[in-house]
Amino acid sequence: MRQGLVITEQFLNGYSSDWIVMSQAWMITGSSRGLGRRLAEAALAADHRVAVTARRPDGFSDLERVYGERVLPVTLDVTDPAAAARAVERTTEAFGRLDVVVNNAGQADLGSVEDTPPESFAAQIATNFWGVVHVTRAALPILRRQGAGHIIQISSLGSRMGTPGLGAYQAAKAAVNTFSLSLAKEIRPLGLKVTLVEPGDLRTDILGSDSMTVLPRTEAYEEAVGAVAARLAQHHGKQPGDPRRAASVIVEVARMAEPPERLVLGSDALSFAEAATRELAASDARWRDLSASVDFPVDG
Ligand SMILES: NC(=O)c1ccc[n+]([C@@H]2O[C@H](COP(=O)([O-])OP(=O)(O)OC[C@H]3O[C@@H](n4cnc5c(N)ncnc54)[C@H](OP(=O)(O)O)[C@@H]3O)[C@@H](O)[C@H]2O)c1
């Protein structure tokens, strides 16, 4: 079994008992394509050991040729809680510890709420939300015993927006956000870290037919959802965000002693985040008196 090179900060500056882990043990969900694949490449290039997990883990021979034992292909469909537990166990057995868990696997269909059948709705919630819950819950006992570890959740800036046609996907991502913010407060006292990453549009397969199903549309939704479908079809392959750069940033964040709790990724995401914050503040201010009107009158 290969152990990571661990240097204590005490060694470096004499006093602190914090560690700087030079070679971390990573586990990434959805490593077959897109951001997950780029993240695996970036973490391996940074000398980390990486459990590359996928529903079909047969596409990693190129990484294994270059990085040998530092690559561990593991089968994982994140919707299966038992498989999540097995994947965490295999990773920890192989690497001797678990430092960074990235919940990256995700999938979106495009359809109005009315046109989205329960199976599609449930599948998107299962992958984007329950997958995060299963993997996080499987990893927590290990990280807690270590007294160290970092969970990185790949959410989406869309979780703050409410885009026509993406109700199921964005609802699942919004659930990931609040789940992760609660989790962060629970595990910070245990020495564990959580970073919620909210990317804008990254140039991956996510809008392609291998990832996204465009559901048949009722004509009444042509204006709202059809317009988004046309925009996304045009946008595919032209998204501003570079998944390689996004991956490098995430590897950097995993090295930080005090990483961000929330990180927006991409200049498009920054503009959308600022607009969403302004709109929310303006709406709350506009309806302030009505909101406050339900309180019991103050005595006296
Ligand atoms: N690209 C963007 O613009 C963007 C923006 C915001 C957020 N994100 C988020 O970033 C993450 C990565 O997306 P991407 O852009 O890289 O998309 P992608 O190119 O479509 O890749 C999605 C990955 O998730 C995997 N996956 C899907 N369902 C899974 C399941 N049930 N179990 C395990 N793996 C599963 C896929 O594996 P298979 O090969 O088996 O299908 C694939 O590896 C997602 O969480 C996505 O929501 C992306």
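**Exercise 1. The ligand and its polar partners**

Task: In this predicted model, find how far an oxygen atom of the ligand is from an N or O atom in the side chain of Ser32, then look at Asn104 and Tyr169 in turn.

Solution:
- Start with Ser32: an N or O atom of its side chain is 2.6 Å from an oxygen atom of the ligand.
- Move on to Asn104, where a backbone N or O atom is the partner, 2.7 Å from a ligand oxygen.
- Finish with Tyr169, whose side chain places an N or O atom 2.6 Å from an oxygen atom of the ligand.
- Now the cover: the ligand taken alone exposes 900 Å², and 96% of that is buried by the protein.
- For the wider view, 28 residues are around the ligand, and Ser32, Asn104, Tyr169, Thr204 and Ser211 come nearest.

**Exercise 2. The helix that carries Tyr169**

Task: Work out how the span of helix α6 compares with the expected one, and which elements its buried residues pack against.

Solution:
- Helix α6 covers residues 167–187, 21 residues in total.
- From first C-alpha to last it reaches 30 Å, close to the 30 Å expected at 1.5 Å a residue.
- Next, pick out the buried positions of α6, among them Tyr169, Lys173, Val176, Asn177 and Ile187.
- The buried residues of this helix pack against α5 (118–146), β7 (150–154), β8 (193–199) and β9 (262–265).

**Exercise 3. Asn177**

Task: Is Asn177 buried or exposed, and which residues is it in contact with beyond its neighbours within four places in sequence?

Solution:
- Asn177 has its place in helix α6.
- Its relative accessibility is 6%, so Asn177 counts as buried, the limit being under 20%.
- With those sequence neighbours set aside, Asn177 is in contact with Ser155, Ser159, Leu196, Glu198 and Arg262.

**Exercise 4. An aromatic pair between two helices**

Task: Decide how the rings of Phe129 and Phe179 are arranged, and which parts the pair ties together.

Solution:
- The model holds 2 aromatic pairs.
- In the pair of Phe129 and Phe179, the ring centres are 6.0 Å apart and the planes stand at 85°, so this is an edge-to-face pair; the label calls for over 60 degrees.
- Phe129 belongs to helix α5 and Phe179 to helix α6, so the pair ties together parts 50 residues apart in sequence.
- Check the accessibility of each: Phe129, at 17%, counts as buried, whereas Phe179, at 22%, counts as partly exposed.
- Lastly, add Trp130: together with Phe129 and Phe179, this residue forms one aromatic cluster.

Methods. Residues numbered from 1 in each chain as written. Predicted model: local features only at pLDDT ≥ 70, side-chain atom pairs only at ≥ 80, totals over all residues. Heavy atoms only, no water. Helix = DSSP H or I, 4+ residues; strand = E, 2+ residues; numbered from the N terminus. Expected span 1.5 Å × (residues − 1). Buried < 20%, exposed > 50% of the residue type's maximum accessible area, 1.4 Å probe, protein only. Contact = heavy atoms within 4.5 Å. Phe/Tyr/Trp six-rings, centres within 6.5 Å; stacked < 30°, edge-to-face > 60°. Near = heavy atom within 4 Å. Polar contact = N/O pair within 3.5 Å; in protein donor to acceptor, adjacent residues only side chain to side chain. Areas by Shrake-Rupley, 256 points an atom, 1.4 Å probe, with all protein chains shown as cover.
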